[in-house]
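Biologist: I'm new to this one, so could you walk me through it step by step? Please show me the structure before we start.

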Amino acid sequence: PTTAIIIVAAGSGTRLGAGAPKALVHVGGRTVLGHALDGVFAAAPMQVVVVAPAGHEGVVDAEIAASAGERRPLAGVVTGGATRQRSVAAGLAALGAQITTVLVHDAARALTPAPLIDAVAAAVSDAGVIPALAVVDTLKQVDGDDVVGVVDRSVLAAAQTPQGFPRAALEAAYARAKAAGEEHTDDAALFAAAGGVVRSIAGSERAFKITTPSDLERACMLLGSTNG
Ligand code: CTP
Ligand code: MG
């Protein structure tokens, strides 16, 4: 394949507070990462690079083995860094020479449907692609506890992953951000900061990010499971 997906799973999960790296927390009989891998291996064949928390490479490798089936040779593990951006950079360094399109995906978006992964990959051109959802809440501009203004939500969208990019331009954008000492909140922002064009496609409610304990509960309910 000429497409690769980097699954960043190296975060500590501070807001979840489960006492273990978030990607390795169990829900519905698998780890968060295991569910994410099930989605990825149900998509079209691609190189899979999982970025693991330092010291947890072995268990991550076992999760890959449990999901990959005949695609096991396409998948590997690298060790993550102190920030998400550094973890993605570690994944980029592990791409095969033939890769021309790169998707970057949060392991924490454990229930992301395979068709969304395929749709992002198919939409990548010279421009980057992100899945996005309309914002449903009424948004307020605040100053501490004071509500100081309204925000027009029709011009806003909530970004998800996987986010897809042409490989060479993404690598150049990462090199640029590193040299400039910039830290971006997602790959689309980093890509745009280097002058790249980013487009959105329809996201999925199921691609929500497990961030807090209530997100883990939601995932548990969607999996039809109560065994944590
Ligand atoms: N991530 C990573 N390396 C880091 C930080 C984050 O690979 N140094 C990954 C996480 O594992 C996750 C994704 O980036 O899959 C999105 O990050 P987030 O939801 O913020 O996860 P955590 O950083 O683990 O959570 P928290 O911010 O609550 O500590
Ligand atoms: Mg984080």
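Modeller: Happy to! Keep in mind that this is a predicted model. Let's begin in the strands, with the pairing of Val51 and strand 5.

Biologist: Which residue of strand 5 is the bridge partner of Val51?

Modeller: Strand 4 and strand 5 (residues 75–79) run parallel and are joined by five bridges. In strand 5, the partner of Val51 is Val78.

Biologist: Through which helix does the chain cross from strand 4 to strand 5?

Modeller: The path between these strands is a β-α-β crossover, and it is right-handed. The helix on the way, residues 57–68, is helix 2.

Biologist: And which residue of strand 1 has Val51 as its bridge partner?

Modeller: Strand 1 (residues 3–8) also runs parallel to strand 4, with five bridges joining them. The residue paired with Val51 there is Val8.

Biologist: How many residues of strand 4 are buried?

Modeller: Let's take the two faces in turn. On one side, Gln47, Val49 and Val51 are buried, and on the other, Val48, Val50 and Ala52 are buried too. For strand 4 (residues 47–52), the count is therefore six of six, by the rule that 20 or more other C-beta atoms lie within 10 Å.

Biologist: Is Val77 buried or exposed?

Modeller: Val77 lies in strand 5, and its contacts include Val50 and Ala52 as well as Val60 and Ile64. Because Val77 has 22 C-beta neighbours inside 10 Å, it counts as buried.

Biologist: Which helix gives the most residues to the largest nonpolar core?

Modeller: That core has 58 residues, and among those touching the most other members are Ile6, Ile7 and Val50. With six residues, the helix that gives the most is helix 1.

Biologist: Why is helix 1 largely enclosed by the rest of the structure?

Modeller: Its buried residues, including Leu33, Ala36 and Phe41, pack against strands 1, 2, 3 and 4 and against helix 2 and helix 4. Helix 1 is largely enclosed because the number of its ten residues that are buried is nine.

Biologist: Which class has the most residues in the shell around ligand 1?

Modeller: There are 22 residues around ligand 1, with Val8, Ala10, Gly11, Thr14 and Arg15 the closest. The shell holds five charged and eight nonpolar residues, while nine are polar.

Key. Residues are numbered from 1 along each chain as its sequence is written. Chains are lettered from A and ligands numbered from 1 in the order in which they are written. This is a predicted model: local features need pLDDT of at least 70, side-chain atom pairs count only at pLDDT 80 or more; totals for chains, interfaces and linings use all residues. A residue is buried if 20 or more other C-beta atoms lie within 10 Å of its own, exposed if 12 or fewer, and partly exposed in between; C-beta atoms are placed from the backbone. Helices (H or I, at least four residues) and strands (E, at least two) are DSSP runs, numbered from the N terminus. Two strands pair if DSSP finds at least two bridges between them. A crossover is right-handed if, with the strands pointing away from the viewer, the path from the first strand over the helix to the second runs clockwise. A residue is near a molecule or strand if its C-beta atom, placed from the backbone, lies within 6 Å of it. Ala, Val, Leu, Ile, Met, Phe, Trp, Tyr, Cys and Pro count as nonpolar, Asp, Glu, Lys and Arg as charged, and the others, Gly among them, as polar. A nonpolar core is a set of buried Ala, Val, Leu, Ile, Met, Phe, Trp, Tyr and Cys residues joined through C-beta atoms within 7 Å. Two residues are in contact if their C-beta atoms, placed from the backbone, lie within 7 Å. Lists of a residue's contacts leave out its neighbours within four places in sequence.
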